[in-house]
Amino acid sequence: MTMEASPIIFFSLVALVTLPVSSEAARAFFVFGDSLVDNGNNNYLATTARADAPPYGIDSPTRRPTGRFSNGMNVPDIISENLGAEPTLPYLSPELRGEKLLVGANFASAGVGILNDTGIQFVNIIRIWTQLHYFEQYQQRLSSLIGPEQTQRLVNQALVLITLGGNDFVNNYYLVPFSVRSRQFTLPNYVTYLMSEYRKILAGLYELGARRVLVTGTGPLGCVPAELALRSRTGHCDPELNGASNLFNPQLIQVVNELNSQIGSDVFFSVNVYSMHMDFISDPQAYGFVTSKIACCGQGPYNGIGLCTVLSNVCPNRDIFAFWDAFHPTERANRILVRQFMAGTTKYMSPLNLSTILAMDART
């Protein structure tokens with residue numbers, strides 16, 4: 001019996017040691033959230049929330065759509081660049097196997113929110129708790145390649161980004177007049193409810209081994225071209241939607257601080273994307289943009305109506321537009337955001353910016 005069993009033991013050991021985790025390798029990176037950070041998971045799903053047709057990806061290396069809601073790179077891609085790593089693959093991609101698993105994975109799905117009823121009009125999207133379930137599944141897959149201890153180390157040392165909340169307003173509370181949630185909750189009570197749910201999600205990430213988590217608030221929702229087209233006659237940002245962001249963001253920082261206090265160390269880091277966006281929205285010329293109101297791709301007022309398609313107006317120079325489509329920034333705007341992730345003061349990143357986190361972790 002032992003003679004027969006030994007080859008099996010031998011082969012399983014070979015399988016475990018074929019993918020060593022090099023200490024010099026870039027740290028793994030995991031991404032959760034919505035369309036601002038989706039790298040193409042929705043391409044594999046039957047949903048209308050997809051960016052798999054031109055002119056999306058017009059400035060990507062292949063000049064073809066990749067599933068990112070951008071003309072080129074999105075925020076996770078640019079963070080990966082700063083980590084010295086290749087971009088994370090969508091978790092649903094068949095290419096995510098073998099050594100590629102060591103890079104990390106992107107679980108984000110366009111249309112999702114903190115709440116399960118957010119984005120129901122998009123039907124098949126990866127709700128946030130399913131994203132966390134996939135993260136667990138990912139760890140099991142990686143464990144079969146490099147063993148449970150190495151897997152735990154890789155996950156504990158990884159960088160994590162989570163971007164949620166915007167859709168809970170634009171694709172839920174404010175989606176239609178007298179929406180179910182707006183009849184159920186006043187805005188302040190809705191935000192309190194969102195926080196209680198978000199706290200559970202962040203605690204779930206910690207339970208699954210995440211130890212360095214960047215948590216973004218919402219951008220100025222009332223300033224995106226879609227909302228200017230719907231709500232603004234003068235081109236000024238909508239005060240009601242920006243008011244929602246201004247209720248949500250400070251409370252999220254509070255949740256992050258409370259979780260860190262409970263844990264007894266800095267696991268979660270607040271990213272003030274509202275201020276980052278407002279810098280170039282309020283003074284586009286200072287950042288080399290000709291406009292922060294009109295989307296590069298779209299139709300109607302501010303190019304903010306409907307989807308970005310081959311029939312839409314498309315600007316010839318994406319670098320001088322802050323917004324690519326009705327909701328999402330251009331690659332150039334995303335680069336400005338990530339610059340603040342990396343080096344921003346505590347106005348933008350709290351308690352530490354990403355460069356400081358990376359330098360601190362490199363020492364330990």
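This is a short tour of a predicted model, moving from its sheet to its cores, a helix pair and a few backbone oddities.

**The sheet.** Start by colouring the strands. You will find an open sheet of six strands in the order 2-1-3-4-5-8, with mixed pairing. At its edges sit strand 2 (104–106) and strand 8 (349–350), each pairing on one side only. Now zoom in on strands 1 and 3, which run parallel and are joined by five bridges. Select V31 here, and you will see L161 of strand 3 opposite V31.

**Helix 7 over the sheet.** Next, show helix 7. Helix 7 lies across strands 1, 3, 4 and 5 (268–271), and runs at about 165° to strand 3.

**The cores.** Turn on side chains for F30, F32, Y138, I162, F169, Y198 and L205: these have the most contacts inside the largest nonpolar core, a set of 66 residues. Elements that each supply at least two residues of this core include strand 1 (29–33), helix 3 (128–146), strand 3 (159–163) and helix 7 (187–207). Helix 7 gives the most, with nine residues. Then centre on F169 and look around: among the residues F169 touches are Y174, L187, Y190, L194, L241 and F248. For a second, separate core, select F29, F269, I281 and A326, which are included in its 36 residues.

**Helix 7 against helix 9.** Keep helix 7 on screen and add helix 9. Their axes come within 10 Å and cross at roughly 35°, and the crossing is right-handed. To see the contact, pick residues such as V191, L194, Y198 and L202 from helix 7, along with F248, L252, V255 and L259 from helix 9. By class, this contact has 15 nonpolar, three polar and two charged residues.

**Backbone oddities.** Most residues other than glycine have a negative phi, and most peptide bonds are trans, so the next stops are worth a look. Go to P54 and P55, joined by a cis peptide bond with omega about 5°; P55 is in the loop between strand 1 and helix 2 (75–83). Another cis bond runs from S350 to P351, with omega near 0°, and P351 is found in the loop between strand 8 and helix 12 (354–363).

Finish with two residues of positive phi. F178, with phi near 60°, lies in the loop between helix 5 and helix 6 (180–184). N303 has a phi of about 50° and is in the loop between strand 6 (297–298) and strand 7 (313–314). Which of these is buried or exposed? F178 is exposed, at 69% relative accessible area, whereas N303 counts as buried at 10%.

Key: Residues numbered from 1 in each chain as written. Predicted model: local features only at pLDDT ≥ 70, side-chain atom pairs only at ≥ 80, totals over all residues. Heavy atoms only, no water. Core = buried A, V, L, I, M, F, W, Y, C linked by side-chain atoms within 4.5 Å. Buried < 20%, exposed > 50% of the residue type's maximum accessible area, 1.4 Å probe, protein only. Helix = DSSP H or I, 4+ residues; strand = E, 2+ residues; numbered from the N terminus. Contact = heavy atoms within 4.5 Å. Pairing = 2+ DSSP bridges. Axes fitted to C-alpha atoms, helices over the stretch in contact; angles between N-to-C directions. Left-handed = near helix turned anticlockwise from the far one by under 90°. Nonpolar A, V, L, I, M, F, W, Y, C, P; charged D, E, K, R; others polar. Lists of a residue's contacts leave out its neighbours within four places in sequence.
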